[in-house]
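Visitor: I'm new here, and I'd love a quick tour. Could you take my questions as we look around?

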Amino acid sequence: MNRQQYYSDLFRQLSVPSEEPLRQQYFIDKLRIFMFGLPPKYTIPVDSEELASAKPLVRRTACVSTFGCQMNARDSEKLSGILQEIGYEIIEDEKADFVLYNTCTVRENANMRVYGRLGVLNGYKKKNDQMLIALCGCMMQETQVVEKLKKSYRFVDLIFGTHNLYKFAELLSDRIDSGEMVIDIWKDTTQIVEDLPVDRKYPFKSGVNIMFGCNNFCSYCIVPYVRGRERSRRPMDIIREIENLVADGVVEVMLLGQNVNSYGKNLEEPMTFAQLLQEIEKIEGLERIRFMTSHPKDLSDELIEVMANSKKICRHMHLPLQSGSSRILKLMNRRYDQERYLSLVEKLRKAIPDIAITTDIIVGFPGETEEDFEQTMEVVRKARYDSAFTFIYSKRSGTPAAAMENQVPEEVTKARFDRLLALVQEISREQTARFTGQTVPVLVEDVNDHDASLMTGRMDTNLLVHFPGDASMIGKIVNVRLDECKGFYFLGTQV
Ligand code: SAH
Ligand code: SF4
Ligand code: F3S
């Protein structure tokens, strides 16, 4: 009897567990055995050498394409980890046997890109009858999107949402067994499933979710509707994950949440974000801690103090402004005003010299007047951002702002956007230049894209530095002198 036959027979005697993550491990093994002829990893004991040396009987490739924010990027590492465990070979090319789009719907143009690219995928699928196409992520949480897919995109094989991505292996198994389109979207969840496989993009740095969802309902934003209510992971689960990452070579973590400053409020034993940071700081071998995003309304003095005293927390604060006009901020339901925002910036700069402050700004929110816009320009001049993401307001149906009167005409918004961008870039150049001549620790991330004799590293302020070196430095923190400011990055020399 061959090995596949042997494992298949044993596997058939098992019943499907109802507990997670055991249930997903069961489906991963099922696909390993029946689709790829690989030995099971979880359900049946297998000699470790056999497991390590096993090769899939068939070669199938998978490609995960990610749209949107760091949350989605982290989710994609989990989905890709599951595909890899099942036996797929992960590639970057969308001419693969399995293509998964992890979608974003925060602005309209993100949706349009997905529909456009689906057409291209359909072309590939016509030439490859093995090919499966799957869609997940925030866009799938919108009913009208799923309706449209069901009607006009019948070639899609699998659709799931943000709340049940941990069930990916099970849903894929359902699709293969049924041969039909599988759709599974949940409205919300309170569940957090730990210990799923992850395929990390970088060996030396990693995102770590500390919370999911959002409760803030900023009036323009769709995220609370597609990501559900705020849920914090337990501190012990977060710490354990980071300890494991560090044991695996990670030196920098990015703590992820839509509003990290409200971490811990709904835990059985409440804990503040600043307290969590102090616990994470104690992890030996971890060198750098980043986090995003901080909502100004919940940014505490405690957090500023912890940052100021920390050896590991990076001197960088991403603090989305959205608008500089207190009147617009109120309509946006942001729950801070211009004065409170600027006082936070001042406190941060005072407590943490050389801190880099970055932001997100929306132009053309309904009812925004020239005067409101000037207020935004004023805050940009005062806050002096190291960099800023600027967005044109996008109407998201279902959000309160979409129903507001006085939507700003496109040409007015576009003209304001250009003015804002010019100001932001001018200040960003000046802010960047202030580091010239300093010697700073830099995490070496990659060989430079354009010149292989240069390495690219990141300062704790998130700025990039290019300097002579070689690939053996990747993942290490080295001291680099910032010789020449090139606008938004530096050329330097290792010292
Ligand atoms: N939780 C984060 C933001 C997540 S969305 C926060 O509160 O800051 C990332 C950014 O997308 C937002 O900061 C906002 O600037 C932008 N954004 C969200 N909805 C938008 C919309 N409808 N139109 C344009 N930009 C939007
Ligand atoms: Fe959207 Fe506001 Fe939540 Fe950020 S805090 S995700 S902008 S609702
Ligand atoms: Fe987009 Fe969802 Fe992130 S809508 S910005 S991918 S939370």
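Visitor: Which helix gives the largest share of the lining of the second largest pocket?
Guide: Keep in mind that this is a predicted model. Helix H4 (70-86), strand S8 (211-212) and helix H9 (235-247) each supply at least two residues of that lining. The largest share is five residues, and the helix that gives them is H9.

Visitor: What is the volume of the second largest pocket?
Guide: Let's start with what lines it: 34 residues do, and the closest to its centre are Lys-78, Val-193, Asp-195, Leu-196 and Val-198. By class, the lining divides into twelve nonpolar, nine polar and 13 charged residues. The space itself comes to about 770 Å³.

Visitor: Now the ligands. Which charged residue belongs to the shell around ligand 3?
Guide: Around ligand 3 you'll find Cys-69, Asn-72, Cys-104, Thr-105, Val-106, Cys-138, Arg-227 and Gln-258. Sorted by class, that shell has four nonpolar, three polar and one charged residues. Arg counts as charged, so the residue you want from this shell is Arg-227.

Visitor: And how many nonpolar residues are in the shell around ligand 2?
Guide: The residues surrounding ligand 2 include Cys-214, Phe-217, Cys-218, Tyr-220, Cys-221, Val-223 and Pro-224. Asn-216, Gln-258, His-295 and Arg-334 are also among them. Three of the shell's residues are polar and one is charged, while the nonpolar count is seven.

Visitor: Let's look at the open sheet of six strands. Which strands are its edges?
Guide: The order across this sheet is S2-S1-S3-S4-S5-S6, with parallel pairing. An edge strand pairs on one side only, and that describes strand S2 (89-90) and strand S6 (182-184).

Visitor: Which residue in S6 is the bridge partner of Ile-159?
Guide: Strand S5 (residues 158-160) and S6 pair in the parallel sense, over three bridges. In S6, the partner of Ile-159 is Ile-183.

Visitor: Last stop: strands S13 and S14. Is the crossover between them right-handed or left-handed?
Guide: Strand S13 (residues 356-363) and strand S14 (residues 387-392) pair in the parallel sense over six bridges. Asp-360, for one, stands opposite Phe-389 in S14. The chain goes from S13 through helix H14 (residues 370-383) to S14, and this β-α-β crossover is right-handed.

Technical notes. Residues are numbered from 1 along each chain as its sequence is written. Chains are lettered from A and ligands numbered from 1 in the order in which they are written. This is a predicted model: local features need pLDDT of at least 70, side-chain atom pairs count only at pLDDT 80 or more; totals for chains, interfaces and linings use all residues. Side-chain values use heavy atoms; hydrogens and water are left out. A residue is near a molecule or strand if one of its heavy atoms lies within 4 Å of it. Two strands pair if DSSP finds at least two bridges between them. Helices (H or I, at least four residues) and strands (E, at least two) are DSSP runs, numbered from the N terminus. A crossover is right-handed if, with the strands pointing away from the viewer, the path from the first strand over the helix to the second runs clockwise. On a 1 Å grid over the protein atoms alone, a cavity is a set of points where a 1.4 Å probe fits but cannot get out, and a pocket is an open set with protein on both sides within 12 Å along at least five of seven lines; lining residues have an atom within 4 Å of a point. Grid points are joined across faces, edges and corners, and a volume is the space filled by probe spheres set on the points.
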